[in-house]
Amino acid sequence: MLGLVLGGLLAWLGYRAQLLSSGGAVAVLVGMVIISLAAGWVWSLALLVTLASIGFWARFRQGFKRTINERFRERARLGWWQILARIGWPVMLALLYGLLTPERGVFAAYIGALAATAADGWGTELGVLSNQEPRLLISRIQVPAGTAGAISILGLVAGVAASWLIGFAGLLLTAVEAWLDQLAVAPALFWLPVAAMIGGMAGSLTDSLLGATAQGITYCEHCKERSEYRVHSCGRPTQPVRGWSWLTNDGINLVCSLVGAAVTAGAVTWLARFGGRW
Ligand SMILES: [Zn+2]
């Protein structure tokens with residue numbers, strides 16, 4: 001029931017705010033229901049915080065962002081495959097947790113995947129508002145705001161804040177659940193905010209690195225504009241410029257959430273073992 005209500009609410013708000021296509025809205029609803037059924041309300045609320053916070057920043061100064069580049073244009077509502085790239089791995093982890101191994105490490109990995117997605121989302125939506133021209137990771141070339149793989153100080157700070165927040169939300173929700181069940185919170189989970197920050201930044205920096213190097217970039221002759229898509233937002237086909245054409249922003253988002261999950265789960269274990277007890 002909770003999954004249906006939260007999922008329905010998110011899907012409806014996202015659709016109304018022109019952030020989701022109808023397919024994207026259905027994907028959010030289905031993902032939320034599966035996660036709630038498989039793993040429970042702590043997991044669904046963590047997903048809610050992640051998606052709602054990204055949606056909030058996506059709406060923030062939306063009119064201005066639409067003048068920057070195609071990613072922010074009116075037609076660029078997220079479709080079901082773009083939602084799948086962001087929450088597909090978290091859904092798998094929820095199924096793994098619910099059906100096979102209800103272990104803390106899987107929960108930490110789930111929070112890490114969400115933290116990476118949040119860091120990437122906040123970093124993109126806030127970084128693009130930076131007054132300074134962002135730079136490509138590694139080559140440090142200055143590029144226009146909104147370029148794939150570009151990073152700015154504002155975007156990095158937003159990413160750190162986002163991933164810490166998701167880790168903290170994970171800890172807080174676990175603490176409430178433990179309190180309701182009159183159980184103690186596992187000491188290792190007190191490291192979750194720090195671990196999620198490390199994992200989230202590892203994921204989102206991997207995202208920027210791949211965006212700056214391997215991602216397929218195209219060019220629209222008509223608009224004289226670089227693009228990330230085979231068909232430009234004006235509706236005309238684009239020409240490849242660099243990178244692997246099969247590696248799109250969606251593929252990179254999936255990698256981002258995989259890296260976030262692995263690094264966060266590892267960091268929780270490592271910090272709990274060597275960082276001392278609380
Ligand atoms: Zn065009």
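# Chatting through a predicted zinc-site model

Reader: Let me start with one residue: is Gln-182 buried or exposed?
Author: Gln-182 has a relative accessible area of 72%, and exposed means over 50%, so it is exposed. Bear in mind that this is a predicted model.

Reader: Where does Gln-182 sit?
Author: You'll find Gln-182 in the loop that runs between helix H7 (153-180) and helix H8 (192-213). The phi of Gln-182 is near 55°, which is a positive value in a residue other than glycine.

Reader: Gln-18 caught my eye too. What is its phi?
Author: About 60°, so positive again, although Gln-18 is not a glycine. Gln-18 belongs to the loop between helix H1 (2-16) and helix H2 (22-39).

Reader: And why does Gln-18 count as partly exposed?
Author: Because its relative accessibility is 29%, and partly exposed covers what lies between under 20% and over 50%.

Reader: OK, zooming out. How many helices and strands does the protein have?
Author: Nine helices and five strands. Starting at the N terminus, the order is α-α-α-α-α-α-β-β-α-α-β-β-β-α. The radius of gyration is 19 Å, close to the 19 Å that the globule rule gives for 278 residues, so the protein is as compact as a globular protein of that length.

Reader: What box do the C-alpha atoms fill?
Author: Roughly 65 × 40 × 30 Å, taken along the principal axes. Of the 278 residues, 49% are buried.

Reader: Now the metal. Which residues are the protein donors of the zinc ion?
Author: Cys-220, Cys-223 and Cys-234 each donate through SG, and His-232 donates through ND1. These donors lie 1.9 to 2.3 Å from the zinc ion. Along the chain, they follow the spacing C-x2-C-x8-H-x1-C.

Reader: What geometry does the zinc site have?
Author: Tetrahedral, with angles of 107 to 114° among the four donor atoms.

Reader: Take two of those donors. Are His-232 and Cys-234 buried or exposed?
Author: His-232 counts as buried because its relative accessibility is 2%. Cys-234 counts as partly exposed, at 31%.

Reader: Is there a sheet in that stretch of the chain? I mean, what order do the strands of the open sheet take?
Author: The order is S4-S3-S5, with three strands and antiparallel pairing. Strand S4 (225-227) and strand S5 (239-242) are the edge strands, each pairing on one side only. On average, neighbouring strands of this sheet are turned by 40° against each other, direction ignored.

Reader: Remind me, what do strands of a sheet pair through?
Author: Backbone hydrogen bonds, and the pairing can be either parallel or antiparallel.

Reader: So how many bridges join S3 to S5?
Author: Three bridges, with strand S3 (residues 217-220) and S5 running antiparallel. Ile-217 has Arg-242 as its bridge partner in S5, and Thr-218 stands opposite Pro-240 in S5.

Reader: And what about S3 with S4?
Author: S3 and S4 also pair in the antiparallel sense, over three bridges. Here Thr-218 has Ser-227 in S4 as its bridge partner. The hairpin of these two strands has four residues between them, and Lys-224 there takes a positive phi near 50°.

Reader: Which residue does Lys-224 form a salt bridge with?
Author: Glu-221, with the closest N and O atoms 3.9 Å apart. Glu-221 counts as partly exposed at 47% relative accessibility, while Lys-224 is exposed, with a relative accessible area of 58%.

Reader: How many salt bridges does a search of the whole structure find?
Author: Two. Besides the hairpin pair, Lys-65 forms a salt bridge with Glu-125, where the closest N and O atoms are 2.8 Å apart. That pair links distant parts of the chain, 60 residues apart: Lys-65 is in helix H4 (residues 62-65) and Glu-125 is in helix H6 (residues 104-127).

Reader: Are Lys-65 and Glu-125 buried or exposed?
Author: Lys-65 and Glu-125 are both buried.

Reader: Last one: where does Gly-275 lie?
Author: In the segment after helix H9 (249-274). Gly-275 counts as partly exposed, at 37% relative accessibility. The C-alpha atoms of Gly-275 and Ala-188 are separated by 9.7 Å, with the two residues 87 residues apart along the chain.

Notes:
Residues numbered from 1 in each chain as written. Predicted model: local features only at pLDDT ≥ 70, side-chain atom pairs only at ≥ 80, totals over all residues. Heavy atoms only, no water. Salt bridge = Lys/Arg side-chain N within 4 Å of Asp/Glu carboxyl O. Buried < 20%, exposed > 50% of the residue type's maximum accessible area, 1.4 Å probe, protein only. Donors = N, O, S within 2.8 Å, 3.2 Å for Na, K, Ca; no water. Tetrahedral: all angles 85-135°; square planar, octahedral: opposite > 155°, others 65-115°. Pairing = 2+ DSSP bridges. Axes fitted to C-alpha atoms, helices over the stretch in contact; angles between N-to-C directions. Rg over C-alpha atoms; globule rule 2.2 N^0.38 Å.
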